[in-house]
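Student: I have not seen this structure before. Can we go through it in short steps?

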Amino acid sequence: MEEAISVQNVFKDYRSRKETVHALNGVSLSVKEGEIFGLLGPNGAGKTTLISILVGILSPDNGSAKIFGKDCSTQARQVQEQINVVSGFSGAIGALSVEESLTYYAMLYNVGNPKETIERLLRQMDLYDARDWVAEYLSSGMRQRFFICRGLLNDPKVLILDEPTVGLDVESAIAVRNIIRGLRKEGRTVLLTTHNMFEAQELCDRIAFINGGKILSTGTPAELKGRLSGERVIEIHCSEEKCVVDSLRGLKGVTAEIKSAKLVHVKVDSYSRTRDIMRALADCGGDIYSVSEMEPSFEEVYLNAMRGGNDE
Amino acid sequence: MNDSLSRMLSQAYKNITTIRRNTFRLADIVVWPILYLFTLTFFVTYLGSDKSYLYMVILGMLGWRAMYFLNMDMVSSLTEEYWAKSLAYLFASPISRFEIAMGTALSGALKGAFVIAIYLVLTNVLYGFTVPDWWLLAIGVLFLCLSGFTMGLFTLGLAYFYKEEAFNLSFILPDVIALLSGVYFSIDTVYPAAVVPFIRLLPTTQAFELLKSMVGLGHADYFMLVATSAVWLAAGYLFNGFMYERARKEGKLARLG
């Protein structure tokens, strides 16, 4: 698969009279064509700076950022023809209707058959009936779908989604996520930033954690989870918690602890201990309702990475 | 359609379409110009001055409006995108700074032409004004459009950095230039002799002199008109480019939304 986005050792400082902020400190990453790639990090991590460099509105101090082999700084025009951006924080130009706004953007990209393209996208995003509404006054969910329409007008090979579901209600967020899944089916490359870990895990093929202008870790959601060091826990729901704890006493690499009535957490040094635990539980007098490995949540994986763990 | 032309026209389309639902923009081409026309012409007729003074004021207003709308549309187009939090989309598109300037100048020129047409009709009906020399008017207005474009390049250059603060400047600048250039008076009689040569280095001064020459109250100097216009235009273009690249380097264009 072709490399859609290639970022090599990019540095960017913001200088003022008072201080210098190191926004990017040698960022490198690679996004393959057709991939949904998540860029996750706290506010001020460098995500927006990196996106701004990719879309050609900010020049890096050092290093290179390329989209389909074209340099985002020196060949910005060619790059901009192949990409588009959707931001959860943007607005619509006041006093233009949905259709007029899209016509404006269609002209900006010299879209062929603009009327047909706009109508197709409006229908696809379920906005056709709202085409005469002033875009500024659309509801948050409709507005976000409108922005995605705008982002797709030039049929971009790479779409950058900057927190596309921020501030949306549950239904609207689900609708937007479904649209993003659809983008993958269309073969588009998507660079997604979000603070919603569930969304990142659900949508992204690969994820990079960024903080302090550095990429901390990159991998598939499963790989990133797998790298989380620390204790592994098995959860046991039972009728006689004391009996369970007694049965497991003495097992190597296992420490059982009553968490609450009918619930025992068993810390293990490896999930391979599960078989030993099951055998031991066979001798327990009470009923065992369930035994399950407790996976770390993606939020834990994220927080661990931000604290400096989870290294590749 | 050619890509570059389409991008330029997109700016004009946005600015013209906005008028339909934006009362402020509508007032800008209908209400304020007419009020301004009445205020000045009523004052001159009240003073009972010679007709040539009234015509000088009318010609000055025609030229000033052309200059004003070019400068204003170039900056307000950007400012409105900034207010709408959509400016980064404009910069993230393949449009160049030159295409932005040309496209917004086009909508400014259309607005200017509309207001000039209203002025010509109203002044004809009210005062029997007819243009003494259409060619001279066309040349004067054309060079004032060019001056407005040059001013726009400067204010647009500042707008990349200072966003809405530059918008305020776009209101102030045409009035300052109008004052310096002697739109409604003779600079030789009002300004100290030592200052006048410097004021003559402004292309607007030369263009308004040309318009005033139609009623015998100014002196047309074609060489200075062309030379000052060219020099200021080149300076505006370089300044705009320098500010754009600096803004791009320092991240002023960058915030999405």
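Tutor: Yes. Keep in mind that this is a predicted model. We start with a pair that crosses between chains: Arg20(B) forms a salt bridge with Glu100(A).

Student: How far apart are the closest N and O atoms of Arg20(B) and Glu100(A)?

Tutor: A salt bridge needs a side-chain nitrogen of Lys or Arg within 4 Å of a carboxyl oxygen of Asp or Glu. Arg20(B) and Glu100(A) meet that rule. Their closest N and O atoms are apart by 2.7 Å.

Student: Where does each partner of this pair sit?

Tutor: Arg20(B) lies in the loop between H1 and helix H2 (23-29) of chain B. Glu100(A) belongs to a helix of chain A that covers residues 98-108. That helix is H3.

Student: Is Glu100(A) buried or exposed?

Tutor: Take its partner, Arg20(B), before that: a relative accessible area of 62% makes it exposed. The cut-off for buried is under 20%. Glu100(A) has 8% relative accessibility, so it counts as buried.

Student: How many salt bridges does the rule find across the interface of chain B and chain A?

Tutor: One joins Lys249(B) to Asp61(A), with the closest N and O atoms 3.6 Å apart. Asp61(A) and Lys249(B) are also linked with Lys12(A) in a network of salt bridges. Across the interface of chain B and chain A, the count is four.

Student: Which helix gives the most to the side of chain B that touches chain A?

Tutor: Three helices of chain B, H1 (3-18), H5 (87-92) and H12 (222-250), each supply at least two residues of that side. One of them gives ten residues, the most. That helix is H1(B).

Student: How many residues of the side of chain B that touches chain A are nonpolar?

Tutor: The contact takes 38 residues from chain B and 41 residues from chain A. On the chain B side, twelve are polar and twelve are charged. The nonpolar ones number 14.

Student: What is the area buried between chain B and chain A?

Tutor: The size of an interface is often given as the accessible area lost when the parts come together. Here carbon and sulfur atoms give 55% of that area. The total is about 3300 Å².

Student: Now salt bridges inside chain A. Is Asp13(A) buried or exposed?

Tutor: Asp13(A) meets Arg15(A) in a salt bridge, 3.6 Å from N to O. Arg15(A) is exposed, with a relative accessible area of 58%. Asp13(A) has 18%, and the cut-off is under 20%, so Asp13(A) is buried.

Student: How does Asp269(A) count by relative accessibility?

Tutor: Its side chain meets that of Arg273(A) in a salt bridge, 2.8 Å from N to O. Partly exposed lies between under 20% and over 50%. At 46%, Asp269(A) therefore counts as partly exposed.

Student: Which strands stand at the edges of the four-stranded sheet in chain A?

Tutor: The sheet is open, with antiparallel pairing and the order E2-E1-E4-E5. An edge strand has a single partner strand, so one side of it is left without a neighbour in the sheet. The edges are E2 (20-32) and E5 (70-71).

Student: Which residue in E4(A) stands opposite Phe11(A)?

Tutor: E1 (residues 3-15) and E4 (residues 62-67) of chain A pair in the antiparallel sense over five bridges. Phe11(A) stands opposite a residue in E4(A). That residue is Asn62(A).

Note on methods
Residues numbered from 1 in each chain as written. Chains lettered and ligands numbered in written order. Predicted model: local features only at pLDDT ≥ 70, side-chain atom pairs only at ≥ 80, totals over all residues. Heavy atoms only, no water. Contact = heavy atoms within 4.5 Å. Buried area = accessible area lost by both parts, 1.4 Å probe. Nonpolar A, V, L, I, M, F, W, Y, C, P; charged D, E, K, R; others polar. Buried < 20%, exposed > 50% of the residue type's maximum accessible area, 1.4 Å probe, protein only. Pairing = 2+ DSSP bridges.
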